[in-house]
Amino acid sequence: MRNRTSREVEVVTGKDRQKQLAREHYERQLRARVEREQKSRRNAIIGTTAAVVVVIGGVVAATTLMGGGDGDATASASASASSQPLANDPKPYDPAKGTCGYVADESSGQVKNVGTPPEKVSTAPATMTIKTNLGDIVARLDSEKAPCTVNSFKFLASKDYFDDTKCHRMGTDFPILQCGDPLAKADGKNPTDGQGGPGYRFANENLAGAKYTRGVLAMANSGPNTNGSQFFIVFGDTGLTPDYTPFGTVTKGLEIVDKVAKKGVIASAGGDGTGAPKQPVVIKDVTITSKS
């Protein structure tokens, strides 16, 4: 076996380091979002309580306590997104009743509200077809292991939620294509890309032994049980920890993602190699069929 030259070793090490940096940056962004949402919830509770006290005290200008944003939060490496569950967590799948819980996502300011999925779910095998401007991406959905997730996608697809939405984030060293933000512009300039959702959230599923290898479909989130509508398609080795609900596998059309990746991304300010894809990916329609 031929020994690698020092130059070859440097190249391999450099690529591994780029992947590591991309993963770390992605996870820091998720932690930062968790912190913003937790701070927003704390402010809302404090504001409501203070307003009640003021009203009881007979002061008219109670509304002054109800405004204000949550401000900017910097990424912190000290807090783990997976270690800080939220209050009022949605109920996971109940196999005895065949139901899932969906609760309001009060922290989301970028909402396309089409209602809430029915609690009663089906675990029958399902196939999802994502029609894009570049062709169809077909995936087999794992309704048995991720019934709440698949049920949510069925509901959103039936409401045309994903129609004419743009996939807003892609990585090359960090090989994912992220979609499902209904309000994303995917132009590399919009600061709220990645913040959109359906206005509800549901529980994590199917995390035991989860691997994010080529072809896997998984949910993007900002911490435990914060799933909404954003998801990502894996087209390489991510090395992510098992914190993101895997709910399906692409069976056709993954080459579309490969071709988009080759055209590169509009680099984000974080410098982690991810950003909006230079080749726009527009979801025209999502359909899901199930076997009875």
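## Strands around β10

β10 pairs with β12 in the antiparallel sense, over three bridges. Two strands count as paired here if DSSP finds at least two bridges between them, and the elements themselves are DSSP runs numbered from the N terminus: helices are H or I with at least four residues, strands are E with at least two. This is a predicted model, so keep the cut-offs in mind: local features need pLDDT of at least 70, side-chain atom pairs count only at pLDDT 80 or more, and totals for chains, interfaces and linings use all residues. Residues are numbered from 1 along each chain as its sequence is written, and side-chain values use heavy atoms, with hydrogens and water left out.

Back to the strands. In the β10–β12 pairing, A218 sits opposite P246 of β12. β10 also pairs with strand β11 (residues 231-234), again antiparallel and over three bridges, and there M219 stands opposite F231. What about the faces of β10, then: which residues are buried on each side? V216 and A218 are buried on one side, L217 and M219 on the other, and that leaves both faces covered. Buried means under 20% relative accessible area, exposed means over 50%, and partly exposed is anything in between (1.4 Å probe, protein chains only).

β12 (residues 246-252) has another pairing too, with strand β4 (residues 135-141), antiparallel over four bridges. Here R140 faces T249 of β12.

## Helix α2

How far does α2 reach from end to end? From the first C-alpha to the last, its 12 residues cover 16 Å, close to the 16 Å expected at 1.5 Å a residue. (The expected span is 1.5 Å times one less than the number of residues.)

α2 is mostly covered, with 10 of its 12 residues buried. Among them are P147, C148 and T149 towards the start of the list, plus F153, F155 and L156 further on. Just past the helix, D160 takes a positive phi of about 60°.

## Salt bridges

How many salt bridges does a search of the whole structure turn up? Four, where a salt bridge means a side-chain nitrogen of Lys or Arg within 4 Å of a carboxyl oxygen of Asp or Glu. One of them joins K131 and D136 at 3.3 Å, N to O. K131 is partly exposed at 34% relative accessibility, and D136 is partly exposed as well, at 30%.

Another one brings together the side chains of D164 and K284, at 3.1 Å from N to O. D164 lies in the loop between α2 (147-158) and β5 (165-166), while K284 is in strand β15 (residues 282-290), so this pair ties together parts that are 120 residues apart in sequence. D164 is exposed, with a relative accessible area of 52%, whereas K284 is partly exposed at 40%.

Then there's D258 with R214, at 2.7 Å from N to O. This pair also links distant parts of the chain: D258 belongs to helix α3 (residues 254-262), R214 to the loop between β9 (200-201) and β10 (216-219), and they are 44 residues apart. Both ends are partly exposed, D258 at 21% relative accessibility and R214 at 44%.
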